[in-house]
Amino acid sequence: MSAPPNPTGVTGRRVAALAEGWRVYRADRGGLFGLAVLLLVVGLALLAPVLTRSEGLDVTRVRGEPLRPPSATNWLGTDESGRSVLLLTWWGARMSLLVGLSAAALSMVIGTVVGLLAAHFGGWVATLLLRVTDFFLVLPALVLAIALSTVLSRGVFTIVLAIGVTSWPQTARLVRAQTLTVETRPYIERARALGGGHRHLLGKHVLPAVLPLVFATTTLTVASAIIAESTLSFLGLGDPSMISWGSMLKSAMDTGAVTAGAWWYLLPPGLGIAIVVLSFTLCGRALETVLNPRLRGTRR
Amino acid sequence: MTDTRDELETRGPASGPPPLLRFVAAKVGGGVVSLFLVAVLGFFLFRVLPGDPARTMTRSTPVSAEQLAALRHRFGLDQPLYLQFRDFLLNLLHGDLGTSYIYNRPVAELIVERIGPTVLLVGTATVLAVLVGLWMGTRAAWRQGGAVDRWFTSVGLTLWSVPTFWLGLLLLMAFGVGVGPLPGLFPVAGMSSPDVPPGVVARVLDVAHHLVLPCLTLVAVIYAQFMMVMRTSLLEEMGAEYLTTARAKGLREDLVRRRHAVPNALLPTVTLIFLHLGLVVAGAITVETVFSWPGLGLLTYEALRVPDLPLLQGTFIVLAGSVIVMNVLAELIYRLLDPRVRDS
Amino acid sequence: MITVGVRSSGARRAAPRALLLILTLLLAALVPAFGKHEPATAADSPNGGGVTLRVGIQQEFDSLNPFLGFSLASTDVFRLIYPTLTTYSAEDFSVVPELATDWKSSEDKLTWTFHIRRGVHWSDGRPVTAHDVAYTFKRMMNDPAAATANGNYVDNFSSVTAPDDRTVVIRTESPQATMRSIAAPIVPRHVWSRIDNVAEFANQRMPVVGSGPFVATEYRPQQYLTLRANEDFWRGAPTVDRLRFVNFENSDAAVQALRKGEIDVVRDLTPTQFDALRGTDDIRRVRGKGRRFFEIVLNPGAANSAGDPIGTGHPALRDARVRRAIDRAIDRERLVERVLGGYGTVGAGYLPPIFEDYYWTPPPEARRPFSIEAANRALNEAGYPRGPDGVRRGPSGRALDFEFVLHGDSPTDALVGKFVKEWLSRLGIRVRPQPVSDNQVNQRTTAGDFDMVVSGWSVNPDPDYVLRLQTCGARPKPGGGGLPDSFLCDRRYDELYAQQLAEFDHSRRVDLIRKAQRRFHRMATGLILFYPNTLEAYRSDRFAGFERQPSEGGVITAQQGYWGYYGARPTEQARTASGGAGYRSAAFVVVGVLLLGAIVVVSVAARRRRTAEHRE
Amino acid sequence: MNPILRMDGVSVTYRGSVRPRQAVIDANLTLEPGATLGLAGESGCGKTSLALAVLRLLPRSADVDGTILLDGQDIERLTWGGLRAARWASASVVFQGAMHALNPVRTIADQIAEPIRLHSSERLSAAVSRARVVELLERVEIPARRRDAYPHELSGGQRQRVMIAMALACEPRLIIADEPTTALDVVVQSQVLSLLRRLVAERGIALLMISHDLSVLAASCRRLAVMYRGRLVEEGPAHRLASAPEHEHTGELAAAFPTIGDTASRYQGAGEPVGAAGSTRRPLLSAEGVSVEFTDRHRNRVPAVREVDLDVTGDEILALVGQSGSGKTTLARTLLGLRRPDTGVVHYDGRPIPTSGRRLRDFRGNVQLVLQDPTGALNPRHTVYEAVAEGLRVHGGAADEAARVHEALEAAELRPAEEFAGRFPHELSGGQRQRVVIAGALVLCPRVLVADEPVASLDATVRGEILALLLRLRRERGVSSLVITHDLGLAWNIADRVAVMRAGAIVETGPVERVLIDPEHEYTTELLAAVPSFERSVS
């Protein structure tokens with residue numbers, strides 16, 4: 001008589017585990033707020049082509065007066081080309097989120113691979129990887145990102161690359177530490193004694209244990225990537241032809257919005273960055289709480 | 001499984017200076033290697049860049065082709081890359097970072113000129129941010145989930161989420177330019193006024209006056225990092241058993257915190273503070289740009305716009321190098337502070 | 001030592017003290033920096049009375065060494081502190097005597113004799129002589145480093161001699177119409193002959209020995225440069241007692257400083273800032289004609305000086321019909337309105353309207369007014385049908401897909417890129433804007449690696465230099481180097497250029513130059529989009545006015561001369577008010593805030609100590 | 001005389017996030033001055049909660065009902081100031097795991113002096129308190145020159161002595177010792193216990209000692225109390241409880257610490273290898289001259305295993321005993337092929353064990369590992385089924401995977417298998433988890449199990465079942481076991497042969513009955529002497 005595992009039972013338990021995680025997450029009001037804001041922003045950003053008309057972004061077609069304060073026709077006023085700041089902020093969210101997410105994804109991939117390899121394989125590979133990681137960890141990321149974006153031609157890809165390849169060391173360190181912790185667990189030794197090879201160990205045990213935390217950190221990386229994008233744009237290293245919150249701020253400053261008192265041009269993109277970054281940070285922290293029970297409130 | 005440790009034997013105290021010396025040597029050696037890597041990175045990063053700096057230098061000025069060729073020769077741009085690299089390394093050993101395109105002066109000289117203001121700004125901001133951050137972090141962690149914790153955390157995180165330069169701009173508009181009835185209380189640019197009466201006190205006050213807004217911006221953005229680090233670090237210690245011991249001894253709660261929890265939590269915080277110095281440097285670049293603070297960050301920004309490669313290379317090496325040096329120092333200090341690693 | 005990390009209670013109490021100590025140390029570290037320039041300022045105390053003209057600038061002094069400095073900020077200063085042989089009049093840019101009182105040329109136009117003014121002295125008291133002039137030119141001819149900034153003036157010189165204290169004789173290789181406008185600063189021989197390595201010399205020892213209307217006395221890099229009036233200037237002392245250039249990193253900060261009265265003049269305003277200052281009390285705005293033109297270069301098939309094709313230019317752009325069609329698809333009026341906020345002149349021939357003589361606009365029959373339809377028609381007729389994706393194809397079947405190289409840090413470029421991209425897309429031409437660093441723009445321009453690129457030049461009162469940019473001779477040499485602009489290499493244009501260079505009669509030369517511009521317009525390799533205005537503003541409560549150049553619609557700062565600063569007219573209010581008034585109140589604010597903070601900290605600490613016993 | 005400690009109907013309830021949990025239910029205890037009481041119980045039975053309640057050291061989420069009179073004072077009614085004054089002065093605590101209970105960044109003298117200064121009525125000069133610290137250190141046999149040492153610079157035994165010195169600092173009338181020797185080796189444990197015993201006896205201090213180890217308590221206390229699921233189930237004189245337990249649970253606790261030499265403690269089937277003598281005498285897994293070295297932090301080579309010869313024959317249970325740090329775990333890893341020996345060779349079934357590739361994997365199928373901590377040995381993300389099937393999948397999968405997993409679970413006495421297959425480790429008890437680990441090994445049909453401290457982290461009740469399972473596997477499936485343990489009692493329980501290891505070398509090997517009863521090597525004698533036993537208990 002055989003006893004195949006009851007798939008629904010297993011799934012049910014996994015769902016229950018998720019539900020438990022959600023319960024902990026829900027207790028974090030900041031995390032809930034962040035999640036709600038993110039869902040809203042991402043939803044709006046995705047729907048921008050549906051809900052708005054991109055002709056409003058074409059400088060040759062807009063008829064609005066340049067740099068006008070908010071009015072009935074343009075709720076958030078206009079930019080130096082007469083385009084609606086609301087429309088620009090809306091579409092800018094797409095690019096800012098895209099850059100943030102791609103850069104964080106890139107950093108996640110590099111960091112996870114480097115961290116895993118450094119922790120799992122000993123010897124000179126690990127020493128080398130660790131050296132490189134430590135080197136990049138202390139290297140001021142923005143300075144390196146500046147250097148990279150100066151060297152490469154301007155564009156979305158460059159920004160993503162510059163942020164991605166400078167922000168991975170934290171992830172690598174975390175993954176390495178986590179991998180080392182996981183690898184001290186007896187079940188790794190057991191799996192090895194069962195005859196499992198590196199791929200089995202990494203794929204079946206280490207990676208599943210490390211990934212959730214990686215996702216939590218990546219959420220935080222998205223936050224810093226969005227800030228980094230705006231900073232690079234501010235320093236004039238962005239692609240001025242793309243519409244992102246950073247490039248909007250740069251245009252605002254270039255045209256002298258501060259002098260003109262054009263708060264409607266300066267505030268929306270800045271607030272957009274602040275809110276989205278804050279939301280990602282809150283979500284990341286809440287996720288960390290779910291994944292790392294030690295951070296939950298206990299007190300003697 | 002601690003099967004390499006022998007519980008029967010008393011492990012002796014510090015087994016003399018050799019391990020410490022070896023540790024210092026290893027750390028300093030590692031730092032030197034990192035510095036060398038920074039130099040190499042700095043060189044190749046900025047030399048592979050295509051472009052004709054000679055023409056940029058003379059932008060919109062009438063020059064002849066011969067003048068351009070002479071310029072290229074002067075900056076060694078007509079040499080093969082490996083020769084440039086050799087000269088670069090040799091010069092670097094002599095503290096020569098090349099000649100700036102835009103200033104036509106030795107980069108090292110420019111950097112020395114600008115380093116003081118940056119140290120003043122970054123130093124003041126870091127000290128303030130660390131003090132504020134540690135204090136708030138301690139308060140927040142001790143009453144985790146309380147009103148203080150919630151307020152400190154949310155305000156800190158919100159400020160952390162704001163782009164530095166944008167916050168700087170807002171502060172500049174509010175307190176430099178003035179909003180509505182509020183007059184501009186602080187200068188909008190620079191580090192000192194040219195028309196200050198003579199006298200050291202007046203000059204110091206003048207610099208302090210200029211320092212307020214940039215320093216405030218930098219502190220606002222970075223203190224949250226230190227606060228969160230301290231908070232987490234203290235929370236880690238909160239469940240520690242030696243705190244129960246301390247309470248069992250009859251210590252007052254604030255003594256438990258001050259004598260036992262905080263010193264332990266402070267140790268990991270020290271290293272993390274130094275690790276975050278890169279962030280402070282990044283903040284300095286944007287803050288100096290917003291407030292026209294005549295430091296290294298502004299110099300970097302100036303260099304960026306052209307880009308002035310030797311100057312960028314120089315500021316890159318100096319900024320990255322100083323963070324590396326600070327980190328090596330941090331490891332050494334940590335080693336001295338923490339008895340657990342001091343003698344091992 | 002052991003207790004450092006342990007005695008936390010002590011550390012806690014020590015923390016404020018440590019903070020204070022650190023702050024004091026940091027501040028103290030700065031004191032030597034202040035002291036450094038003390039000797040220079042002692043003679044001329046900041047509050048010594050008199051009028052200071054404070055000019056906000058947004059560009060660094062790249063060097064105070066006149067042989068090295070290129071930037072507008074630096075050359076502006078050189079005109080104030082060093083003499084030149086001749087200068088341009090404030091009225092209309094005509095060449096007028098400066099250090100040279102008069103000059104004459106030989107029959108063959110190869111030998112020029114300048115007579116040097118008597119009674120002019122260097123600021124250290126030594127007289128200015130012909131030997132100083134000869135020394136300066138010879139150094140530029142013999143020392144490559146000294147040729148860095150102004151070497152082009154002496155390229156054609158074969159010898160420079162000073163037969164006596166008052167005479168300079170210059171021989172040239174070939175006749176040169178621009179000999180009367182050598183703008184190279186003259187330096188004192190007795191100072192500079194001691195400088196072996198010009199390239200390493202920063203020239204920052206204050207006061208700088210010169211002989212202009214002002215003397216540089218205090219320099220704080222990235223902060224300010226102060227000059228004092230030269231009482232012994234041969235033309236008479238300037239109207240202000242001091243002139244100070246104050247650095248600002250962004251123009252907004254400069255404008256704020258102007259509004260707060262921290263500076264008197266600000267330049268390079270953006271149109272938005274200019275508009276924002278409208279109607280502001282005590283601030284007057286100056287809209288001056290600019291010397292720059294802004295063009296889009298269409299790669300007409302770049303070639304080097306040997307005639308070999310170089311670069312990656314799109315073949316379709318070699319067809320002048322395509323270039324002209326593109327020209328017709330650009331609405332210059334809209335660009336001036338939207339990009340310049342209306343502060344500029346629509347582009348026409350080549351040279352900007354500030355130089356009325358040379359300014360040329362196409363006659364009606366040669367004009368190419370904005371019309372997408374006409375441009376589409378022209379392309380259809382020329383044989384560039386649209387492909388299935390709506391993009392036109394050339395004869396070889398290659399799509400009209402152009403890389404448009406832009407200066408990455410220039411908002412104007414970015415905006416023009418957006419407009420051009422949209423307009424050309426309606427022509428069936430795909431444009432991919434590529435913002436790159438200035439170095440890359442220059443490198444790609446020189447190598448011909450572009451389809452379209454933004455370019456622009458400042459034009460001197462003598463337009464020879466920018467005219468030469470469009471000749472075959474300007475093309476890069478096979479081994480690299482060279483300074484091409486649009487790679488126009490046209491026999492007809494070159495003939496006109498050569499004729500004007502050898503023509504010493506002004507009105508005939510003007511005619512030739514206009515003809516050359518007509519040819520340039522016809523070939524349409526460079527599309528002149530607009531001539532931006534120079535926007536400035538000044539405090540009208542402190543200054544009643546400035547000498548502008550040219551007097552009709554000219555500028556105050558960065559002139560081809562020193563007239564603006566020299567002839568500033570301070571108001572009565574500026575003469576009587578004392579400087580640094582705002583400073584003391586500010587100091588009190590700081591002290592107050594610090595005191596308040598200290599009180600709060602102390603009281604909170606005291607309260608905590610009292611209640612500590614009652615809390616768990 | 002008033003009792004020093006009196007508990008009347010004490011209950012401790014934790015307000016959990018889901019539902020409250022009762023840790024202690026209606027406990028009544030009385031401790032006369034100078035008396036010694038041992039409180040025994042499995043982990044989680046509430047004994048530590050009860051002890052911490054005495055000084056109100058429980059977390060805020062804990063509610064304490066009933067009355068606790070410490071030295072006649074009702075501690076629930078004390079003000080915070082009063083309570084602080086009572087702490088340490090009336091009763092002090094020796095905590096479990098002195099490594100964590102001492103502040104790592106302060107010197108031991110500093111920490112010992114802290115309560116002295118705090119509870120002294122007048123200001124003490126530095127010299128006075130230093131003299132007192134030195135006196136205390138000498139009393140616990142730590143040289144005075146070590147007073148400026150930090151906790152990490154001391155050995156485990158020394159740290160525990162420091163804790164004792166600290167507990168004595170204010171001359172309290174009661175010392176609560178919570179598992180004071182749990183993390184220590186047997187030899188050190190016996191030293192620390194005798195010190196503690198002597199000091200409380202000398203000064204007439206009452207002692208409340210808490211442990212899971214009945215033999216330790218019996219060796220130190222006159223009276224014992226047994227706690228089970230929050231309730232005190234039995235109390236009485238130590239010798240009575242040890243020899244004639246009334247409550248079933250007391251018996252289970254006592255059984256976990258067998259008396260060596262007592263044949264009643266030998267399990268059924270131990271020492272009786274089955275099968276034909278000729279086939280089983282052949283070594284199945286053997287080490288020949290195996291040495292292993294480690295590289296320490298200073299790059300020194302430290303030998304962990306020296307020149308070891310060891311045979312595991314088919315169908316036997318061999319116990320490898322030794323103190324922690326003796327190299328027994330390293331030896332086991334080497335036998336499993338998880339480490340390569342620096343010299344020497346390991347044979348399996350007459351052939352050197354392969355070092356890589358398929359053949360290594362095949363070898364791994366034959367020799368399986370069972371680890372000390374079943375909680376850690378199971379991936380919390382994998383179900384029982386996945387954990388057991390992992391071995392099969394690593395070895396290329398099996399068509400009848402489900403059937404074989406089912407069979408292995410049944411063999412490990414997890415019945416019915418279906419019920420367990422879909423569960424996650426956290427839904428199982430400790431014993432069940434260890435069975436899953438064993439099932440995961442059995443599914444590959446190994447011939448040798450290497451069990452590293454298989455019951456060390458399990459409670460007394462489960463211990464016997466797992467040991468019996470090992471015996472049954474030997475009997476029914478012919479699986480040999482190499483059991484690695486620090487616990488001589490365990491060897492006595494089930495092993496056929498025993499090998500004693502010290503500092504990397506095997507000092508004595510032989511049948512259990514001979515080695516443990518009539519040891520040849522003095523180290524074995526020393527080890528046996530250190531084992532606390534009821535016979536040597538204070539009477």
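The questions and answers below concern a predicted model and take up chain D, the nonpolar core and chain B in turn.

Q: How does the radius of gyration of chain D stand against the globule rule for 539 residues, and what is its value?
A: Chain D holds 22 helices and 20 strands, and its C-alpha trace spans about 75 × 50 × 40 Å along the principal axes. The globule rule gives 24 Å for 539 residues, and the computed value is close to this, so chain D is as compact as a globular protein of that length. The radius of gyration of chain D is 25 Å.

Q: What percentage of the contacts in chain D with a separation of 6 or more comes from residues 24 or more positions apart?
A: Of the 539 residues of chain D, 53% count as buried. Among the contacts of chain D with a separation of 6 or more, the share that joins residues 24 or more positions apart is 70%.

Q: Is strand β7 of chain D largely enclosed or not, and how many of its residues are buried?
A: Strand β7(D), residues 174-178, is joined in parallel to β6(D) by four bridges and, also in parallel, to β8(D) by five bridges. L174(D), I176(D) and D178(D) point one way and I175(D) and A177(D) the other, yet all are buried. The strand is therefore largely enclosed by the rest of the structure, with a buried count of five of five.

Q: Which residue of β8(D) is the bridge partner of I176(D)?
A: On the β6(D) side, residues 91-94 pair with β7(D), and S92(D) stands opposite I175(D). On the β8(D) side, residues 206-211 pair with β7(D), and the partner of I176(D) there is L208(D).

Q: Which residues have the most contacts inside the largest nonpolar core?
A: This core has 532 residues, and helix α8 of chain B gives the most to it, with 19 residues. Beyond its neighbours within four places in sequence, A439(D) is in contact with residues including A408(D), L409(D) and V388(D). The residues with the most contacts inside the core are V388(D) and A439(D).

Q: How far apart are the end C-alpha atoms of residues 265-291 of chain B?
A: An unreviewed UniProt entry annotates residues 115-136 and 265-291 of chain B, among others, as "transmembrane region". Residues 115-136 are 100% helix, with end C-alpha atoms 31 Å apart. Residues 265-291 are 93% helix and 0% strand, and their end C-alpha atoms lie apart by 36 Å.

Q: Which helix supplies the largest share of the side of chain B that touches chain A?
A: The contact takes 40 residues from chain B and 34 residues from chain A. By class, the chain B side has 28 nonpolar, eleven polar and one charged residues. The largest share of that side, seven residues, comes from α13(B).

Key: Residues numbered from 1 in each chain as written. Chains lettered and ligands numbered in written order. Predicted model: local features only at pLDDT ≥ 70, side-chain atom pairs only at ≥ 80, totals over all residues. Core = buried A, V, L, I, M, F, W, Y, C linked by C-beta atoms within 7 Å. Buried ≥ 20, exposed ≤ 12 C-beta atoms within 10 Å, placed from the backbone. Helix = DSSP H or I, 4+ residues; strand = E, 2+ residues; numbered from the N terminus. Contact = placed C-beta atoms within 7 Å. UniProt positions renumbered as here; feature names shortened; annotations may be inferred. Rg over C-alpha atoms; globule rule 2.2 N^0.38 Å. Nonpolar A, V, L, I, M, F, W, Y, C, P; charged D, E, K, R; others polar. Pairing = 2+ DSSP bridges.
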